[in-house]
Amino acid sequence: MVLDIRNVQVSLGATQIVHDVELSVAAGELVMLLGPNGAGKSTLLKAVSGDAPARGEILVSGQALTDWCPQALSRHRGVMPQRVDINFPLTAEEVVRLGLSAKSPGRADELVEHLLSELEISHLRHRLVPGLSGGEQQRLQLARVLAQIADTEGERLLLLDECTSALDPAHQQVVLQRVQRLAREQRVAVLAVVHDLNLAAQYADRLVMMRAGRCVLEGSAREVLTPEVLDAVYGFQARIVELPEGYPLVIPLGQTRAQTAPLKPVCRQAS
Amino acid sequence: MMLTPAGRLDAKPALLILGSGALAVALVSVSSGAYPLSVADILQVIAGKEATDPVASMVFLEVRMPRFLLGFLVGAVLAICGAVLQGLFRNPLADPGLIGVSAGASLAAIAVIVLGNTWLGGWLALTGDWALPIAAFIGGSLTVLLAWRIANRSGQTAVATLLLAGIAINAVAGAGTGLLTFYASDEELRSLTFWTMGSLGHAGWDDLVLGAPFMVLALVLVPWLARPLDAFLLGESVVGHLGYRTDTVKKVAIVVVGLGVGAAVAVSGLIGFVGLVVPHLVRQVLGASHRIVLPFSALLGGTLLVAADSLARVVVAPAELPIGLMMALIGGPFFLALLVRTRVM
């Protein structure tokens, strides 16, 4: 396993946000974390990215997070935070280059060029970042994170916190296709927090549903995205349509109610 | 081409332009003053030849040279400290003066001057000639740390809190300074006035010997910060994600600012706005990467301070304006313009 989360608890101040989470992500697997606001998805991701103090064990390639040398870890684990605000006149290209470690100038140029064009931001390379739109900045940050783990030998882990939240539908597809390809072709393990259930159904290899700081269900889109689960976890009524493309489509029906339904808080691995 | 595709000045021509400017300013600075020196005089002294005018030789070597060197070093160090603080706090408005670091260093220095013969006698015995710069270093570092603790919450610097903390720190340090002034003797009072207005008027080789090691150490440490500070521009958590040890970077930055501002305050008193104006200008023209901002800020900061000092010597000749006042006259309006512009944006 590239990522192993064992019995992890995260507290911020006196409040425990994440309770006893067990989760692992294998090489080449794209796992998406779902759940309502405040379910602890981002906090769990922060624990894995080293930004929130956690109890329990977090292993990257079998080695505890704290045992990694920071420089080496940065080549094996890319982290894209929910928001990056830049108040200084850096150009888009300079931001992507921050992700590069010592590479030959030729290779660095080629990589930057490649990433910018893949994420459709080549035309912005000399523009100043504070003047870019939210969606452009989001793709730019992804390019930086991808540059960071490109060319690394061995296992790699990519953590994405709502990496498509500011994107238009076309660019959501561009970005998630790129991430999916990274997982399938280059065997990168990806753990992503998403809110859009349909994007999750379309791209994830496995979904993990969180509620109130616990993983409550884990499995394929068909197993996790059912009217019963959505009702119990989010508290909304939905119709699920099976698409010919092979994944379900969630259509919210607009009736919401309080989240009171009991749901056994046990993480269940799909068969 | 002089411009990069991003519409900025290329580093090489910029270095050429700024370098020539610095040389010109240096020449003006060492030649002008109450006893004007000609370029021929200066070249003669530099070449080591027997000067035709012995007074010229004395004025150049004992008065102008140390003053020029000290002014340049102080300007360079203050500008770099500004750039480091701005990177660290991710805020272009952070400045050693605004957030109270200079005031903290100054308070420590003034305490040594006033209480050196009484309460702080032990400190003087322990540190000897270095009592002042070391005290200013400690005062400066502690203030950076304090501002950091107050304004930084879980990796985010609250700008308003930082600037308000600066007001509070400046007020407390100012009250401390006032209290010490109250207890000071007439002779001490004269030195205190020098601190609060900032001046290079008494600069001699002994000041250079006391201040330079601290400032040079700050300048030696600072290149190590360039890349991590670039990462800081993306946010404190990103620094860790990119493989830097965030805590170590912060500590080094605080030591650099403490050393630099402490030593600058110890030898030249309170000189504001260099740290605010200079890095800002460099970023506008050459971009925000610290590998460019830090060296160019040093060069421009040194040049600017020497130029301001030369001006301060001639505007009301034969008297001279304190350079702190001079910089406040230049920097104050600049800061206001910056605020208005930021608001418009």
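Me: Which residue in the turn of the hairpin formed by E9(A) and E10(A) has a positive phi?

Reply: Happy to start there: this is a predicted model, in which local features need pLDDT of at least 70 and side-chain atom pairs count only at pLDDT 80 or more, while totals for chains, interfaces and linings use all residues. Residues are numbered from 1 along each chain as its sequence is written, and chains are lettered from A and ligands numbered from 1 in the order in which they are written. E9(A) and E10(A) leave two residues between them in the hairpin (strands, E, at least two residues, and helices, H or I, at least four, are DSSP runs numbered from the N terminus). The turn residue with a positive phi, about 50°, is A:Ala212.

Me: In E10(A), what is the bridge partner of A:Val208?

Reply: Strand E9 (residues 206–211) of chain A runs antiparallel to strand E10 (residues 214–219) of chain A, and five bridges join them. Two strands count as paired if DSSP finds at least two bridges between them. Across this pair, A:Val208 has as its bridge partner A:Glu218.

Me: Which are the edge strands of the open sheet of four strands in chain A?

Reply: The order of the four strands is E2-E1-E4-E5 in chain A, with antiparallel pairing. Within it, strand E1 (residues 3–12) and strand E4 (residues 54–60) of chain A share six bridges, and A:Gln9 has A:Arg55 in E4(A) as its bridge partner. Each edge strand pairs on one side only, and in chain A these are strand E2 (15–25) and strand E5 (63–64).

Me: Which helix gives the most to the side of chain A that touches chain B?

Reply: Let's look at the contacts between the chains: 20 residues of chain A are in contact with 22 residues of chain B (C-beta atoms, placed from the backbone, within 7 Å). Helix H2 (70–76) and helix H3 (92–98) of chain A each supply at least two residues of the chain A side. With four residues, the helix that gives the most is H2(A).

Me: What ipTM does the predictor give the complex?

Reply: For chain B, the mean pLDDT (the predictor's confidence in each residue, from 0 to 100) is 85, and 96% of its residues reach 70 or more. For the complex, the predictor gives a pTM of 0.88 and an ipTM of 0.89.

Me: How far apart do the C-alpha centres of domain 1 and domain 2 of chain B lie?

Reply: Chain B is divided into domain 1 (87–268) and domain 2 (271–345), with bounds from an automatic or database domain assignment. In contact across the two are 20 residues of domain 1 of chain B and 18 residues of domain 2 of chain B. Helix H10 (residues 226–232) of chain B gives the most to the domain 1 side, with three residues. The C-alpha centres of these two domains of chain B are separated by 18 Å.

Me: Is B:Gly33 buried or exposed, or somewhere in between?

Reply: B:Gly33 sits in the loop between helix H1 (11–31) and helix H2 (39–46) of chain B. Beyond its neighbours within four places in sequence, B:Gly33 contacts B:Arg64 and B:Arg313. A residue is buried with 20 or more other C-beta atoms, placed from the backbone, within 10 Å of its own, exposed with 12 or fewer, and partly exposed in between. B:Gly33 has 18 such atoms within 10 Å, so B:Gly33 is partly exposed.

Me: What distance separates the C-alpha atoms of B:Gly33 and B:Leu115?

Reply: B:Gly33 and B:Leu115 are 82 residues apart along the chain. In space, their C-alpha atoms are separated by 36 Å.
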